[in-house]
Amino acid sequence: MKKFTFTLMAFVTLMVACSQETVEQAEADPIEDGEAVVAEEGNEEEEAEQQEVNEDLPNISILATGGTIAGSGSVGTNTTDYQAGDIAIEALIEAVPEMTEIANITGEQIVNIGSPDITNEHLLTLGNRINELLATDDVDGIVVTHGTDTMEETAYFLNLVVKSDKPVVLVGAMRPATAMSADGPLNLYNAVLVAGHEESVGRGTLVSFNDRIASARHVTKTDTTVVDTFVATEEGYLGRIVGGVPHYYTEITQSHTTETPFDISDLEELPQVDIIYGHQNNDPYMLDAAVENGAEGIIFAGSGNGSMSSVMQEAAMEIMEEGMPIVRASRVGNGTVSHKDDYLTADSLNPHKARILLMLALTVTDDEEEIQEYYDSY
Ligand code: SIN
């Protein structure tokens, strides 16, 4: 796998970089032969000016996956009509040369897509690449640039499968790189700061956004367009970045990373787990459709405390009797679903994070008590 070290070149504005260094939008299947697509190496001039390694600085590897932070539009005032996953890792890094004052930066393009297109295959590629990098002495921390729409799913997946205490920090932007007041450059700088900070070690996967630092376990996207979209409503942020310094105030109490039994190194795929949304007039055909299409587990995004209509309960019971786990989460957005006699429950995980945990749990066990323990612990 090719990688490159970045130059501290003369400052290149991202607008210029966008026009010069865009990569083609990755197509539906951007991973070839299980290998990550990597960025082109820089030109000769860039290679000649490669950043000299400063032994006093942490070595941070930025793995780029696309999203709005790598998005470009045609008008600076337009923050909603743009192409996500359009700008290559080289341009992202060159637009924030200040990062080279706080870290030795290397970058890799894992994929360049909008995050709704992230698949289980991408998750496995990313998780394995991170574990590979963190196992070496050459890398002290990882930053993953990612679209915000599904960032919390990838972040929570990494929180469960990374086998290292070294920091892994996800970052993105709500405004494309070409927007007036784009939030990406400072978010990226801050993420590198957090990934290289000694107090970030051992805290699980982090999301650094809008001057805040949050745990992947608790944080969720709460707004469609505003820049302070990532919130951990009940649990709060772990810390914040003030004047270029990360300050931590709270700790995650759930187990993560090195404390979980999930080993993805030999996995070629993850079990299919589907989410079914609870609403009035629910019809069980959605449950049947999931089963018929190969689901090995189902998350039910129930109303209130994970509630299900009577007809759904009847159909769900039949499916569970066949040995398929159904986990009740809540569509409410906050709160813990209380334990229920006949069902698994997702604790305070939202349905899409509950899906991530059930996929991983099913790679280890089909014992329902054990799976419930995972929900209670992670
Ligand atoms: C995406 O998730 O890829 C698009 C939206 C964003 O990054 O904010």
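**Residue T257, the ligand shell and the salt bridges**

T257 is placed in the loop between β11 (245-248) and β12 (273-277). The structure described here is a predicted model. With a relative accessible area of 3%, T257 falls under the 20% limit and is therefore buried. The backbone of T257 has a phi near 40°, which is a positive value in a residue other than glycine. Most residues other than glycine have a negative phi. The side chain of T257 is joined to the side chain of H256 by a polar contact of 2.8 Å. When neighbours within four places in sequence are left aside, the residues in contact with T257 are L158, N159, L160, V162, K163, S164 and G204.

A positive phi is also found at N210, where the angle is about 55° although N210 is not a glycine. N210 lies in the loop between β6 (206-209) and β7 (212-215). The relative accessibility of N210 is 27%, so N210 counts as partly exposed. T257, by contrast, is buried.

The protein chain as a whole can be described by a few totals. Its secondary structure comes to ten helices and 15 strands. The chain has 378 residues, and buried residues make up 54% of them. Among contacts between residues at least 6 apart in sequence, 74% join residues that are at least 24 apart. The accessible surface of the protein chain comes to about 16,700 Å², and 44% of this surface belongs to carbon and sulfur atoms.

The ligand is considered next. The residues around the ligand are G67, T68, G114, S115, P116, G147, T148, D149 and A173. Sorted by class, this shell has two nonpolar, six polar and one charged residues. Three residues of the shell place a polar atom at a listed distance from an oxygen atom of the ligand, as follows. For S115, a polar side-chain atom lies 2.5 Å from a ligand oxygen. For T68, a polar side-chain atom lies 2.9 Å from an oxygen atom of the ligand. D149 takes part through its backbone, with an N or O atom 3.0 Å from an oxygen atom of the ligand. The ligand taken alone exposes 250 Å², and the protein buries 93% of that area.

D149 also appears among the salt bridges. Side chains of opposite charge can pair when their charged atoms come close. A search of the whole structure finds four salt bridges. In one of them, the side chain of D149 meets that of K221, with an N to O distance of 2.7 Å. K221 lies in strand β8 (residues 220-221), whereas D149 lies in the loop between β4 (141-145) and α5 (151-161), so the pair ties together parts that are 72 residues apart in sequence. D149 has a relative accessibility of 45% and therefore counts as partly exposed. D149 thus has a backbone atom 3.0 Å from a ligand oxygen and a side chain in a salt bridge with K221.

A further salt bridge is formed by the side chains of E108 and R129, at 2.6 Å from N to O. This pair links distant parts of the chain, with E108 in strand β3 (residues 104-113) and R129 in helix α4 (residues 120-134), 21 residues apart. Both E108 and R129 are buried. For R129 the relative accessibility is 9%, which is under the 20% limit, so R129 counts as buried.

R129 has a second partner in E132, and their side chains meet in a salt bridge of 2.9 Å from N to O. Because R129 and E132 are three residues apart in helix α4, they are separated by about one helical turn. The relative accessible area of E132 is 47%, so E132 is partly exposed. Together, E108, R129 and E132 are linked in a network of salt bridges. Within this network, E108 and R129 are buried, while E132 is partly exposed.

Key:
Residues are numbered from 1 along each chain as its sequence is written. This is a predicted model: local features need pLDDT of at least 70, side-chain atom pairs count only at pLDDT 80 or more; totals for chains, interfaces and linings use all residues. Side-chain values use heavy atoms; hydrogens and water are left out. A residue is near a molecule or strand if one of its heavy atoms lies within 4 Å of it. A polar contact is a pair of N or O atoms within 3.5 Å; within protein, one must be able to donate a hydrogen and the other to accept it, and residues adjacent in sequence count only if both atoms are side-chain atoms. Accessible areas come from the Shrake-Rupley method with a 1.4 Å probe; for residues, only the protein chains shown count as cover. Ala, Val, Leu, Ile, Met, Phe, Trp, Tyr, Cys and Pro count as nonpolar, Asp, Glu, Lys and Arg as charged, and the others, Gly among them, as polar. Helices (H or I, at least four residues) and strands (E, at least two) are DSSP runs, numbered from the N terminus. Buried means under 20% relative accessible area, exposed over 50%, partly exposed in between (1.4 Å probe, protein chains only). Contact means heavy atoms within 4.5 Å.
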